[in-house]
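Here are some short exercises on helix packing and chain contacts. Have a go at each before reading its solution.

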Number of protein chains: 4
Amino acid sequence: MILVLDSDATEEQIQGVLARVEALGMQAHLSRGTYRTIVGVIGDERKLQETPLEAIPGVARVIAVMDPYKLASREAHPQPSVVNVSGVKIGGGNLGMIAGPCAVESAERMESIAKAVKAAGANILRGGACKPRTSPYAVQGHGEEGLKILRDTGDRHGLPIVTEVMDPRKVELVAEYADMIQIGARNMQNFVLLTEVGRTKKPVLLKRGMSATIKDLLMSAEYILSQGNPDVVLCERGVKGFDSFTRNLYDVAAVPAIKGLSHLPIIVDPSHATGKPDLIGPCALAGVAAGADGVHIEVHDRPDEALSDGEQALLPERYAEVMRQIRRVAEAVGKAMV
Amino acid sequence: MILVLDSDATEEQIQGVLARVEALGMQAHLSRGTYRTIVGVIGDERKLQETPLEAIPGVARVIAVMDPYKLASREAHPQPSVVNVSGVKIGGGNLGMIAGPCAVESAERMESIAKAVKAAGANILRGGACKPRTSPYAVQGHGEEGLKILRDTGDRHGLPIVTEVMDPRKVELVAEYADMIQIGARNMQNFVLLTEVGRTKKPVLLKRGMSATIKDLLMSAEYILSQGNPDVVLCERGVKGFDSFTRNLYDVAAVPAIKGLSHLPIIVDPSHATGKPDLIGPCALAGVAAGADGVHIEVHDRPDEALSDGEQALLPERYAEVMRQIRRVAEAVGKAMV
Amino acid sequence: MILVLDSDATEEQIQGVLARVEALGMQAHLSRGTYRTIVGVIGDERKLQETPLEAIPGVARVIAVMDPYKLASREAHPQPSVVNVSGVKIGGGNLGMIAGPCAVESAERMESIAKAVKAAGANILRGGACKPRTSPYAVQGHGEEGLKILRDTGDRHGLPIVTEVMDPRKVELVAEYADMIQIGARNMQNFVLLTEVGRTKKPVLLKRGMSATIKDLLMSAEYILSQGNPDVVLCERGVKGFDSFTRNLYDVAAVPAIKGLSHLPIIVDPSHATGKPDLIGPCALAGVAAGADGVHIEVHDRPDEALSDGEQALLPERYAEVMRQIRRVAEAVGKAMV
Amino acid sequence: MILVLDSDATEEQIQGVLARVEALGMQAHLSRGTYRTIVGVIGDERKLQETPLEAIPGVARVIAVMDPYKLASREAHPQPSVVNVSGVKIGGGNLGMIAGPCAVESAERMESIAKAVKAAGANILRGGACKPRTSPYAVQGHGEEGLKILRDTGDRHGLPIVTEVMDPRKVELVAEYADMIQIGARNMQNFVLLTEVGRTKKPVLLKRGMSATIKDLLMSAEYILSQGNPDVVLCERGVKGFDSFTRNLYDVAAVPAIKGLSHLPIIVDPSHATGKPDLIGPCALAGVAAGADGVHIEVHDRPDEALSDGEQALLPERYAEVMRQIRRVAEAVGKAMV
């Protein structure tokens with residue numbers, strides 16, 4: 001950590017800063033420049049992350065030089081992690097191809113969609129039983145009934161299932177049914193919920209928040225990891241942008257950026273990132289080309305009757321076509337699509 | 001609601017759209033332009049908000065013309081609401097002046113800060129007992145012990161208290177101690193938590209999420225209102241921006257914008273919006289001048305020893321000075337600062 | 001165009017709106033809903049784009065349903081355009097692979113870089129002779145001397161050259177030397193400059209501004225096209241984002257989005273989009289996978305001595321490796337890399 | 001300047017960094033931490049701003065500790081500057097109240113608007129003769145004819161005039177007519193144009209670009225100052241945001257932020273910042289309360305017939321009301337409104 005002092009910091013203030021740093025158990029290393037004096041703080045700066053050093057008289061700016069996460073960092077774990085979702089591997093060259101409808105609507109609907117995505121090459125089935133809805137008047141999902149339908153459908157097609165949890169009181173229930181638990185973008189900094197899923201033994205699909213930096217995302221993963229659950233898969237699904245042409249701004253550069261910082265697998269979700277069926281295919285290919293460990297796509301065979309987000313779902317036949325293209329790009333970048 | 005059809009929509013598709021709209025219980029009104037055909041949907045469009053009309057073959061774009069919230073809208077309640085926090089009124093010309101430290105640290109610290117902010121004119125005391133921390137390794141707050149200290153200190157100084165809740169399982173506990181419950185920015189779309197606080201009888205301070213639109217904020221208020229709790233105070237505290245000079249981008253225009261759309265009181269929080277002590281005073285004045293119903297400022301008398309966010313806290317003497325300036329600006333715009 | 005009226009618009013206002021629309025040479029089509037009255041404007045709405053219809057008493061909101069550009073639109077020109085840069089084709093399945101240093105520094109430097117990028121498969125050489133520098137104290141480029149060096153080097157290696165112009169008074173000079181003229185991101189809405197390059201016969205590389213929407217970019221292309229110059233190649237190079245981890249936010253979804261709206265070729269510039277050498281390769285692959293018609297990469301063999309932007313340049317050997325990967329991905333998506 | 005080295009930098013790389021820094025004429029100060037080695041660069045770091053130090057092998061990150069501008073900085077000029085626009089002072093407690101239509105349309109229109117804004121207390125008249133239009137098909141302004149009308153109208157009412165210039169070839173012409181030259185937001189980084197207006201003796205109104213950081217804005221001011229023209233007034237007019245409810249995101253915190261960094265006056269433009277007449281008044285008050293040295297408001301007496309931007313113009317009577325409110329707030333913060 002580096003403390004840049006005020007350009008007019010007094011000698012007394014400088015001494016005060018040094019004293020304070022040492023009182024905090026670190027070593028201070030003073031460097032007087034022509035224009036600015038700086039203090040290098042030697043030691044594990046993570047211990048100081050929440051200490052308001054900028055409030056020390058004479059300190060103008062505090063610059064962190066270490067990453068604030070430990071367990072999620074590549075330094076702590078140089079090899080890429082492989083997360084095993086009931087037999088389906090994600091990471092280390094293995095692609096997790098997650099597909100299914102936004103919400104679990106009925107056993108019939110789920111069945112026909114599962115059959116289609118399985119045939120197209122998906123290896124994990126998704127579907128929402130508890131839905132985060134921006135309107136209190138919108139359908140909120142079928143709850144446990146939905147979980148049962150999803151479980152049965154997955155079993156019938158040999159597909160592990162992933163579904164979202166929003167309520168810390170329901171983590172146990174969801175963990176009973178699901179092979180993988182999803183934390184949605186709006187809950188990425190719901191630290192209570194992160195702590196609860198960290199206490200389960202289930203793999204977690206952690207979606208990036210709409211205004212989360214890459215560091216924020218890795219810190220949220222750290223919450224889960226620090227509870228003893230090592231199986232976190234990150235998901236880029238678009239961040240807020242100024243152009244409303246797409247629903248969100250798909251940050252594909254986050255994929256290689258995260259690969260440089262962390263060992264955790266990262267997949268992409270072009271459905272939520274773009275919100276436009278025509279862009280989902282090209283953006284899925286872009287994600288795989290950039291190094292993603294999987295693709296999450298919403299598929300629905302009756303999008304105009306979907307309970308939610310139908311407008312961004314792919315039809316099964318279009319999904320199959322996209323999967324054929326993904327297969328070719330995956331091969332070009334040396335990834336296996338089983 | 002208006003449906004803009006594809007420029008090459010077929011007659012069959014057009015008829016299909018009309019049929020679908022009518023099947024949904026609305027009236028359809030066709031308008032064929034030179035370049036585009038549009039369908040006006042007549043009826044309460046809020047019923048259709050979650051229906052994926054864009055997925056109907058032939059529909060290019062869906063344009064909502066009604067606001068998606070009802071209870072929060074000014075149309076539903078033309079007069080500005082006044083929220084009563086154990087005797088302190090916010091809204092309708094009354095300013096809620098909330099001040100205190102980021103976290104409740106000790107009874108001694110709380111006491112000296114409370115005394116100072118009361119003397120400066122604050123009328124509600126704040127302090128965090130459960131803290132949302134981006135790092136799992138950071139101090140998480142004193143929990144119930146902190147609530148007790150805050151309650152005692154508030155009582156001693158005749159100041160109602162506001163504190164944050166993050167866990168739906170703790171809403172009841174927090175409601176026992178606090179006069180007003182805060183929902184933090186990161187939980188603005190934690191719908192489970194919004195529903196729980198909506199079931200209490202306590203006023204709620206709802207902070208705007210870092211990437212929430214004005215409409216998103218009002219929809220989150222709607223969640224609380226729709227549970228039967230009418231006492232919601234909104235809070236602008238900065239949104240994500242591209243310039244890291246300030247911690248967030250203070251959206252002061254949201255104050256008059258929300259006053260035009262909603263009857264709910266809205267206050268500003270220049271501490272979190274800017275993250276820089278020098279900017280807090282000017283931004284507080286800006287908020288009041290723009291019509292805010294109150295100001296939330298973090299105050300700490302030992303900022304360099306604060307458990308969190310000390311770098312953005314004002315010293316008590318600086319707070320007192322800012323309060324004197326606020327008083328003058330409040331008078332200039334016809335607001336009462338008791 | 002659709003006019004949504006105020007919810008309390010009077011009958012007199014409604015009639016006023018109809019009269020005004022008809023006075024402007026359009027047909028008005030009234031549709032009274034339960035909650036809102038809307039007026040459909042029938043005719044070529046582009047004529048009304050700059051008419052402040054929202055200022056008509058009773059009008060709450062104006063919604064455009066047509067794209068504001070004509071010549072750039074896919075409707076006007078359904079087949080993808082192919083731009084010919086002195087023999088090198090961009091678009092329609094042909095990839096323009098542009099490479100070279102940020103600035104032309106010396107004939108020796110240019111020579112060694114040109115040789116390397118040519119060997120790696122680049123087909124257009126870039127280099128800045130006039131540089132937009134955010135600091136008035138920074139080196140501003142070698143001007144005509146630089147143009148000569150670039151021209152000579154290109155000729156020697158059989159590579160057409162592209163270079164930026166910033167001053168409308170220098171368009172003619174630059175056009176004498178260059179095969180393609182670049183408009184930089186900061187000048188994307190310098191309409192004076194767009195008009196001047198539109199008057200030349202040279203292909204134009206139009207870079208997207210840092211806060212330009214897709215529509216803004218196409219409108220700037222329209223400026224050039226409307227002057228009679230049909231040869232515009234668009235370039236996605238990142239927009240402003242809130243995460244400073246990357247220099248800009250690479251909007252790869254803009255590639256398929258623009259392909260849906262326009263016939264113009266679009267290439268990607270992962271160097272400026274990310275500002276980080278490690279991310280350039282993966283983001284180049286992502287761009288090609290998403291359908292880009294080429295890739296623009298900065299290459300320098302002595303990056304630590306570069307006059308500008310050395311920190312984001314690839315070394316020639318790394319560039320060659322990226323080009324090998326691009327070739328594989330290009331094949332996977334059916335693109336020819338000559 | 002601080003160089004943070006790679007965590008695995010070799011001893012040879014460390015020595016190489018030290019040698020390179022000294023070869024650049026600076027002193028290097030090595031500080032070996034537990035986890036990271038840092039090198040403090042002692043000397044005037046502005047000389048190194050464009051040197052790609054990050055490209056030196058072993059360097060992970062370069063951190064600037066000095067501001068990149070000199071003439072614009074408060075350190076260079078501790079007292080606030082006062083800019084004199086043909087007798088009207090802006091800065092140092094004096095408010096520049098600029099008003100007028102977006103475009104100069106006709107002598108009659110200009111006359112009636114000038115009369116009204118003068119009566120309401122405006123002290124500078126604005127109007128566009130050359131207009132930056134996003135569409136090539138939109139009216140581009142009346143050119144010199146417009147300048148004459150503006151000049152005559154200003155003279156008749158004793159109001160200095162400000163108008164925009166977009167073309168470096170027209171700076172001289174505009175300077176003949178205008179008392180103050182405006183650089184629009186889209187040209188804030190048109191360095192050719194900045195250099196030209198820097199060579200005139202006319203005060204410059206420099207509007208902040210839509211995606212310009214505070215530092216970017218001050219660097220653009222530096223361009224003008226470095227040419228010998230000390231009379232620059234900055235203008236906050238909103239930046240790009242993710243919520244389309246307002247046209248731009250009004251960054252009122254930029255006002256006190258800039259006052260801390262620079263001696264230059266800064267005014268606000270709530271018309272362009274919000275694009276909504278109802279928000280202009282409250283946002284003007286916010287700007288003045290936050291410390292702005294003036295307010296720029298578009299006024300039109302026939303907004304629905306305006307050639308451009310009529311939808312965001314205030315009617316003269318509404319402007320007069322806003323001016324009365326501004327007067328009260330200005331007094332409350334100790335500013336003189338003559």
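Two residues are in contact if their C-beta atoms, placed from the backbone, lie within 7 Å. Keep in mind that this is a predicted model.

**Exercise 1.** Work out how many residues chain B and chain D each put into their contact, and what the side of chain B is made of.

Solution. Start with the count: 32 residues come from chain B and 32 residues from chain D. Next, look for elements of chain B giving two or more residues to the side that touches chain D: these are α7 (254-261), α8 (270-274), α9 (277-289) and α10 (316-332). The largest share, 7 residues, belongs to α9(B). Finally, sort that side of chain B by class, and you get 21 nonpolar, 6 polar and 5 charged residues.

**Exercise 2.** Decide how α5(B) and α6(B) are oriented to each other, and which residues meet.

Solution. Two packed helices are described by the angle between their axes and the distance between the axes. For α5 (residues 191-198) and α6 (residues 214-225) of chain B, the angle is about 45 degrees and the axes are 7 Å apart. That makes α5(B) oblique to α6(B). Now the residues: B:Phe191, B:Leu194, B:Thr195, B:Val197 and B:Gly198 of α5(B) meet B:Ser220, B:Tyr223 and B:Ile224 of α6(B). By class, this contact has 5 nonpolar, 3 polar and no charged residues.

**Exercise 3.** Explain why α6(A) counts as largely enclosed.

Solution. Of its 12 residues, 10 are buried, so the rest of the structure largely encloses α6(A). Among the buried ones are A:Ile214, A:Met219 and A:Tyr223. The buried residues of α6(A) pack against α5, β11, β12 and α7 of chain A.

Note on methods:
Residues are numbered from 1 along each chain as its sequence is written. Chains are lettered from A and ligands numbered from 1 in the order in which they are written. This is a predicted model: local features need pLDDT of at least 70, side-chain atom pairs count only at pLDDT 80 or more; totals for chains, interfaces and linings use all residues. A residue is buried if 20 or more other C-beta atoms lie within 10 Å of its own, exposed if 12 or fewer, and partly exposed in between; C-beta atoms are placed from the backbone. Helices (H or I, at least four residues) and strands (E, at least two) are DSSP runs, numbered from the N terminus. Axes are lines fitted to C-alpha atoms, for helices over the stretch in contact, and angles run from 0 to 180 degrees between N-to-C directions. Angles under 35 degrees count as roughly parallel, over 145 as roughly antiparallel, 65 to 115 as roughly perpendicular and the rest as oblique. Ala, Val, Leu, Ile, Met, Phe, Trp, Tyr, Cys and Pro count as nonpolar, Asp, Glu, Lys and Arg as charged, and the others, Gly among them, as polar.
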